[in-house]
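Student: Hi! I have a new protein on my screen and could use some company while I look around. Can we go through it together?
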Amino acid sequence: SSGINAEWPLRPGILAPKAIPQGFMDGMKATQLLVEALQLESNSYRMGHSKIFLRAGIIGYLEDLRDQRVKTVLIGFQTLARGWLARKRFRKLLDMRVGVMVAQRSTRQYFVLRKWQWWRLFTKVKPLLSVSRQEEEIKE
């Protein structure tokens with residue numbers, strides 16, 4: 001048998017998180033609530049004044065349960081993180097797709113307009129118009 005002090009509920013507390021209420025509580029009372037929530041057989045432990053005594057193998061059993069629970073929580077966290085990253089990558093791909101579509105549309109439009117005489121005239125006159133606008137802005 002092994003004696004475990006009153007701080008023991010902190011470690012396997014993840015197995016029954018709602019068993020111990022929030023706030024300050026006596027360690028032995030918290031231990032008793034945790035043992036009841038874990039449904040340990042009464043012959044597998046004894047409560048002392050300041051320690052709980054567990055039969056051989058019970059600590060290992062509780063540690064295995066705790067490790068499984070921690071693993072489950074970490075896998076859930078990892079799943080959320082991977083999902084968030086995948087959605088972020090997907091949004092970036094969608095933005096790139098929209099950009100490619102805009103570039104393709106502009107290129108097609110250019111090939112349609114490049115031989116049109118009015119377009120040629122416009123492209124030759126447009127830089128001159130922007131220079132005159134800049135000169136007007138400088139005067140103001």
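Student: Let me start with one residue. Where is the place of Leu-62?
Tutor: Good pick! Leu-62 sits in helix α2, which covers residues 58-113. Before we go on, keep in mind that this is a predicted model.

Student: Okay, noted. Is Leu-62 buried or exposed?
Tutor: Leu-62 has a relative accessible area of 4%, so Leu-62 is buried. Buried here means under 20%.

Student: And how far apart are Leu-62 and Leu-38?
Tutor: In sequence they are 24 residues apart, and in space their C-alpha atoms are 9.1 Å apart.

Student: Which residues are in the largest nonpolar core?
Tutor: There are 10 of them: Ala-16, Leu-34, Val-35, Leu-38, Leu-40, Tyr-45, Ile-52, Leu-54, Ile-58 and Leu-62. Two or more residues come from each of α1 (27-38), β3 (51-54) and α2. The biggest share is that of α1, with 3 residues.

Student: Is there a general reason why nonpolar side chains end up like that? What do they tend to do in soluble globular proteins?
Tutor: In soluble globular proteins, nonpolar side chains tend to be buried together.

Student: Back to the core, then. What is Ala-16 in contact with, leaving aside its neighbours within four places in sequence?
Tutor: Ala-16 is in contact with Leu-34, Ala-37 and Leu-38.

Student: Those numbers bring me to α1. Which of its residues are buried?
Tutor: The buried residues of α1 are Gly-27, Met-28, Ala-30, Thr-31, Leu-34, Val-35 and Leu-38. They lie on the same side of α1, because the arc they cover around the axis is only 155°.

Student: Nice. What covers those buried residues of α1?
Tutor: The cover includes β2 (45-47), β3 and α2.

Student: How many residues does α1 have, and how far does it reach?
Tutor: α1 has 12 residues, and from its first C-alpha to its last it reaches 16 Å. That is close to the 16 Å expected at 1.5 Å a residue.

Student: And which residue follows α1?
Tutor: Gln-39 does, and its phi is positive, near 55°.

Student: Let's try the same length check on α2. How far apart are its end C-alpha atoms?
Tutor: They are 82 Å apart. α2 has 56 residues, which at 1.5 Å a residue should span 82 Å, so the two values agree.

Student: Which residues of α2 are buried?
Tutor: Ile-58, Leu-62, Arg-66 and Leu-113 are the buried residues of α2. You have met Ile-58 and Leu-62 already, as members of the largest nonpolar core.

Student: Time for strands. In what sense do β2 and β3 pair?
Tutor: They pair in the antiparallel sense, over 3 bridges. A hairpin through 3 residues joins β2 to β3. If you look across the pair, Met-47 stands opposite Ile-52 in β3.

Student: Which residues are on the covered face of β3?
Tutor: Ile-52 and Leu-54 are on the covered face, while Lys-51 and Phe-53 are on the uncovered one.

Student: New topic: how many aromatic pairs does the structure hold?
Tutor: The structure holds 2 aromatic pairs. In one of them, the ring centres of Trp-119 and Phe-122 are 5.7 Å apart and the planes are at 35°, so the pair is tilted.

Student: Where do Trp-119 and Phe-122 lie?
Tutor: Both are in helix α3 (residues 117-139), 3 residues apart, which is about one turn of the helix. Trp-119 is partly exposed at 27% relative accessible area, and Phe-122 is partly exposed at 41%.

Student: Arg-120 is found in α3 too. What does it touch, not counting residues up to four places away in sequence?
Tutor: Arg-120 touches Arg-114 and Lys-115. With 41% relative accessibility, Arg-120 counts as partly exposed.

Student: Last one, zooming out. How many helices and strands does the protein chain have?
Tutor: The protein chain has 3 helices and 3 strands. From the N terminus on, the elements run β-α-β-β-α-α. Of the 140 residues in the protein chain, 16% are buried.

Note on methods
Residues numbered from 1 in each chain as written. Predicted model: local features only at pLDDT ≥ 70, side-chain atom pairs only at ≥ 80, totals over all residues. Heavy atoms only, no water. Helix = DSSP H or I, 4+ residues; strand = E, 2+ residues; numbered from the N terminus. Buried < 20%, exposed > 50% of the residue type's maximum accessible area, 1.4 Å probe, protein only. Core = buried A, V, L, I, M, F, W, Y, C linked by side-chain atoms within 4.5 Å. Contact = heavy atoms within 4.5 Å. Expected span 1.5 Å × (residues − 1). Arc of directions from axis to C-beta. Phe/Tyr/Trp six-rings, centres within 6.5 Å; stacked < 30°, edge-to-face > 60°. Pairing = 2+ DSSP bridges.
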